[in-house]
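Hi everyone, thanks for coming. Please have the viewer open while I talk.

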Amino acid sequence: MNAHQRKHLLILGGGFGGLYAAIELERALAFQPDVEITLVNRENFFLFTPMLHEIAASDLDITHIVNPIRKVLRRVTFLHGEVESIDLARKRAAVFHGPNQHHHELSYDYLVIALGATTNFYKIPGLEERALTMKSLGDAIHLRNRLIDLLEEADFDCAIDSRADLLSVVVAGGGFAGVETVAAANDFLREATRFYRHLDVVLVHPEPVILPELGDQMGQYAQKKLGERRVEILVNTKVKAISDESVELSDGTKIRTKTLVWTAGTSPNPLLETLPCLKERGRLVVNEYMEVPDWPGVWALGDCAVIPDKKTGKAYPPTAQHAMREGKRLAQNITAEILGRTKKPFVFSTIGLLAAIGRRTGVANILGLNFSGFIAWFLWRTIYLSKLPRFEKKVRVALDWTLDLFFSKDLVHFMILRSPTVSHAEHAHAEEQT
């Protein structure tokens, strides 16, 4: 068959939605001679974000929650690059890749927009410039390095006047990401105090109870447990501004700190703003099949899409468990359209919500039933381990968790620096001395 007769499927984004769409499309269509599937992602790996806080807390090796996309997808063309623009009228997407930013224009017959979300700093003064985030593998490694840097600096007597600032860690946002981050960081730092001294960890949350998705009962339990572990929790409080020395809160108080971790908001990928489509709060409005109206062949899911839930009359939440299933259903609908079959709407009810809150303790709601303590923590690890792609990574994570029962957390600071070299002048001087 001629190349111009082939159907080109282009997937932009390799997160939960994009990757699981690609996996299902590969299963259904990769052996079709008239179909070509391409996935574009800015990283060459899939990051299992539910375990990201465990990288920051040194519970897992930094490579064990990432899967090389080329190993997950064997018959899908992968392009390690950045999406520059999308031209819906011409059915083209501009991308660039490599250190020299080689530019390419990719054509498509079917487009899947799964570009994920970016951090929303809400125009709070100083926040974007100074805060740490927790969305990428680099963010987790950076936070881990920052915590170790602060411990090392504060341990010397010369830091006695600034020790309180150095060892005050503030996490803003009491949702899943914020609570799991503050719990993991607190465990990591409290254990490290056997080798260092002094510490203060604070969680700032704008609502009356943290983890509002799990309800008041589970949220209050999580607050109690974190409080017992010396995490100071400030509810009904927002971050107002941040400077080099402190964080200013909405109640007028200031916390002197060098470290603020921001987990309190996300925004759709800014590339969506350039598209001439109907949007709601920056996300593309799609139908129950995840098609973008008025643009045949264009589909969207995950953080990029507002997918209607007819049971509730609202949109499905942009969570990983939804994105995984959206990706599979979207791929099945594209397959149905190509093969002339009937498409099916996306229908899904949340199975459960889980959060790890440190020291082998968790909170969970599974099928309407609440669990807390060790049972919830065990459920968290069991369920997420089962969802982690590829058997190899499951084994590596399980081994890390097993070793964590017997050994203390690693305090190695990861430095991305080249080894020292001798300059030409120093080399010449050395020759003169000999």
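I'll go through a helix pair, a small sheet, one long-range neighbourhood and one more helix.

Some ground rules: this is a predicted model, where local features need pLDDT of at least 70 and side-chain atom pairs count only at pLDDT 80 or more, while totals for chains, interfaces and linings use all residues. Residues are numbered from 1 along each chain as its sequence is written, and side-chain values use heavy atoms, with hydrogens and water left out. Helices (H or I, at least four residues) and strands (E, at least two) are DSSP runs, numbered from the N terminus.

Okay, the helix pair. Two packed helices are described by the angle between their axes and the distance between the axes. Here helix 5 (residues 137–154) and helix 7 (residues 176–192) pack at about 35 degrees, with axes 11 Å apart. The axes are lines fitted to C-alpha atoms, for helices over the stretch in contact, and angles run from 0 to 180 degrees between N-to-C directions. Which residues meet? From helix 5 we have L143, L147, I148 and L151, and from helix 7 there are T181, A185, F188, L189 and A192. Contact, by the way, means heavy atoms within 4.5 Å.

Next, the sheet. It's an open one of 3 strands, in the order 26-27-28, with antiparallel pairing; strands pair if DSSP finds at least two bridges between them. Why do strand 26 (352–356) and strand 28 (369–373) each have a side without a neighbour in the sheet? They stand at the edges with a single partner strand each, so one side is left free of a neighbour there. Strand 26 and strand 27 (residues 362–366) pair over 5 bridges, and L353 sits opposite N365 in strand 27. Helix 8 (residues 215–228) packs on this sheet, touching strand 27 and strand 28.

Now find Y289, in the loop between strand 21 (283–285) and strand 22 (298–300). Leaving out residues up to four places away in sequence, Y289 touches W299, N333, K343, K344 and P345. The C-alpha atoms of Y289 and V347 are 9.5 Å apart, although 58 residues separate them along the chain.

N333 brings us to helix 9 (residues 320–339), which has 20 residues. N333 is among its buried residues, along with L330 and I334; buried means under 20% relative accessible area, with a 1.4 Å probe and protein chains only. The buried residues of helix 9 pack against several elements, including strand 22 and strand 26. Right after helix 9 comes G340, with a positive phi near 75 degrees.

Key:
The expected span of a helix is 1.5 Å times one less than its number of residues. Buried means under 20% relative accessible area, exposed over 50%, partly exposed in between (1.4 Å probe, protein chains only).
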